[in-house]
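Here is a walk through a structure for someone meeting it from scratch. Have a look at the sequence and the model, then read on.

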2 protein chains.
Amino acid sequence: MTNSTNRRAQRREETREKILTAAVRVFAELGFEAASMGSIANRAGLKKALVQYHFETKLNLWQEAVNSLWEELHSLENRLPRLAEVSTRDEEREILRQVFRAIIDFARSHPDWVGIMFREASTPGPRLDWLVENHLKKDIEEGSAFIALAQSHGLLPQGSPLHILNIISGALTYPLLVSPLTKRAAGISMASEESLDATVDILLNMLKP
Amino acid sequence: MTNSTNRRAQRREETREKILTAAVRVFAELGFEAASMGSIANRAGLKKALVQYHFETKLNLWQEAVNSLWEELHSLENRLPRLAEVSTRDEEREILRQVFRAIIDFARSHPDWVGIMFREASTPGPRLDWLVENHLKKDIEEGSAFIALAQSHGLLPQGSPLHILNIISGALTYPLLVSPLTKRAAGISMASEESLDATVDILLNMLKP
DNA sequence: CGTTTCACTATGCGATCGTATTGTCAAATT
DNA sequence: AATTTGACAATACGATCGCATAGTGAAACG
C-alpha cells in the first residue's frame, strides 16, 4: 500500500464519517421514518446522491450509523465502578452514587444514543429486532448482571434484575429525555450540573439507607 | 332543531370521532412527522380527502386529536387517592402504593397518551410549546403540588418537587415505554399484571420505610 | 316540492420521498 | 504516458406527501 493509495481511502473514510455523524444526529432527533436521506446529506454539508453512494439504502445507513455510535461508546459497563471490590456498607453506598452518576452522565453526554435507543425501543418492528440482536441483548444482559451483583451486596431489593434495571434506567434517563418539556414548562434545564446532582441526590435519598 | 337536523350532525360527529381515534393512535405510534394524513384515513377506513375536509391541516388535526385525548382522560389527579386524609405512617405508605398503581395503570391503559406525550416532550418545537401551554403546564403543576403534599407528609425526601415528579414518572413509565424492547430481548411482557405488580413492589421496597 | 345546505368524493397540484442510472474528473495503476 | 479505478455529481424515476378545487348526491329547509 503506497502513500497515494491511502489518499483516496482516507478521503473516503472522512466523508463516510461525516455522513455517519450527521445520520446519528438526525435519526436520534427525528426517528427513522421522519429522517430523510436529503436532510442527513444537508446536515453533513454533502449531496444526497453521495450519501446513497456510500450507504446504499436508508436502512443500511441507519444500521451503520447505529454501529458506529455503539462502537464509539463501547460499553457503559466498562466505566462503571467495580462493585465487587468494596466491602463496608458505607463504601457500597458511595459506589451506588457513582454508578448513578455514571449512568446519568452517560445519558447526558450521549443524547443521540438515548434518542435512537428509546425511539426504537418503544416501537416493535424489524429495526428493534436488529437492534436487540446486534447490541441491546448484550447490553441488557450486562446491565442485569450488574444489578444482580448489587443485589447480592444488599444494595438493591430482591426482584427481577431486569425490572430493577428498567426502573433505575427510567428514573435516571426519563428526566433527561423530557428535558425540553421541563425547560419549556418550568424554565429548568435538566441537563445542568445542578439538576444532575439533584436527581442523583434525590434518588439516593429515596432509597433505603 | 328537528330530528332530521340531528341526523346529519350526528353522522358528522361520528366520522369526526372515527378520524380522531385513528389520528391519536397513528400520531402516538409514529410521531407527528412520520404520521401521514393518508395513513390516518386508512386506519379510520375513510378517504384522505375526508380527513382534510373535517380538519383542514395536519397540525390542526394533531391539535384536535390531542385535545380529544386529554378530554377523554380528563386528569390523572382526579383518580389519585387523597393523600391529605390519612394520618398514620402505615396508612400513608399504603396510599403511596395506590398512587404508584394509579400512575402505572394510567400509563398502561393509555399508551396513546404516553406515546404522544413522550414523543413531543423530547423534541423542542412549536408543538411542544402548544402542548405545554394547553395541557402539560397544568398537569405538571398539579403533579408537583401532589409531590409537595407527599413531602409534607414525610413520604418523599426533600428536593424540587419537579425533579421528584420526573424521577417517579420515569421509574414507572419507562418500563412500559420500552416494553417492546423487553418483550423482544427477554420475552417478558411489561404490561402484564404480574410485571406491573412487580414494578410497584420493587419501587416501594427501594424506598425508605 | 323546489331549493339550499353540506358531508363526502374525484382529481390534481407542486414538493419531497427513496432509489436508480449515467456522467465526470482526478487519483491510482500499469 | 496511457489506462483503469472510484469518489462524487446530475438527473430522473415512480410513489407519496400535504393541500386545494370542483364536483355529487342525499338530507334539511322554506
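Going along the sequence, chain A reads α-α-α-α-α-α-α-α-α-α. That makes ten helices and zero strands in chain A, with helices (H or I, at least four residues) and strands (E, at least two) taken as DSSP runs and numbered from the N terminus.

A word on how to read the rest. This is a predicted model, where local features need pLDDT of at least 70 and side-chain atom pairs count only at pLDDT 80 or more, while totals for chains, interfaces and linings use all residues. Residues are numbered from 1 along each chain as its sequence is written, chains are lettered from A and ligands numbered from 1 in the order in which they are written, and side-chain values use heavy atoms, leaving out hydrogens and water.

**The overall picture**

Taken along the principal axes, the C-alpha atoms of chain A fill a box of roughly 60 × 45 × 35 Å. Of the 209 residues in chain A, 53% are buried; buried means under 20% relative accessible area, exposed means over 50%, and partly exposed is in between (1.4 Å probe, protein chains only). Among the contacts in chain A with a separation of 6 or more, 64% are between residues 24 or more positions apart, a contact being heavy atoms within 4.5 Å.

**Two copies, one axis**

How does chain B relate to chain A? A turn of 180 degrees and a shift of 0.0 Å along the axis lays chain B on chain A with an RMSD of 0.0 Å. The two copies are thus related as by a two-fold rotation axis. The same surface serves both copies, as 100% of the contact residues of chain B recur in chain A. The superposition is by least squares on the C-alpha atoms of residues with pLDDT of at least 70 in both copies.

Where the chains meet, 52 residues of chain B are in contact with 52 residues of chain A. The area buried between them is about 4700 Å², and carbon and sulfur atoms give 76% of that. Buried area here is the accessible area (1.4 Å probe) that two parts lose on being put together, summed over both. B:I167, B:Y174 and B:M206 supply 16% of the area that chain B buries against chain A, more than any other three residues.

Helix α9 of chain B (residues 179–186) is worth a look. B:S179, B:P180, B:L181, B:T182 and B:A185 are buried in this helix. The buried residues of α9(B) pack against α6 (111–121), α7 (126–152) and α8 (161–177) of chain A, together with α8 (161–177) of chain B. After α9(B) comes B:G187, with a positive phi near 75 degrees.

Another residue to find is A:S195, in helix α10 (residues 193–206) of chain A. A:S195 counts as buried at 5% relative accessibility. Setting aside neighbours within four places in sequence, A:S195 is in contact with A:I188, A:S189, A:M190 and B:H163.

**Salt bridges**

The structure holds 22 salt bridges over all chains, each a side-chain nitrogen of Lys or Arg within 4 Å of a carboxyl oxygen of Asp or Glu. Between chain B and chain A the count is two. Here are some of the pairs:

| Pair | Closest N and O atoms |
|---|---|
| A:R184 and B:D129 | 2.8 Å |
| A:D129 and B:R184 | 2.9 Å |
| B:E64 and B:R16 | 3.7 Å |
| B:R97 and B:D201 | 2.7 Å |

B:R97 lies in helix α5 (residues 89–109) and B:D201 in helix α10 (residues 193–206) of chain B, so the pair ties together parts that are 104 residues apart in sequence. In chain A, the residues A:R101, A:D105, A:R108, A:E193 and A:D197 are linked in a network of salt bridges.

**Aromatic rings**

Eleven aromatic pairs turn up over all chains. Rings of Phe, Tyr and Trp (its six-membered ring) pair if their centres lie within 6.5 Å; planes under 30 degrees apart count as stacked, over 60 as edge-to-face and the rest as tilted. A:F27 and A:F32 form a stacked pair, 5.7 Å centre to centre with 10 degrees between the planes. Both A:F27 and A:F32 are buried. A:F27, A:F32, A:W62 and A:W130 form one aromatic cluster.
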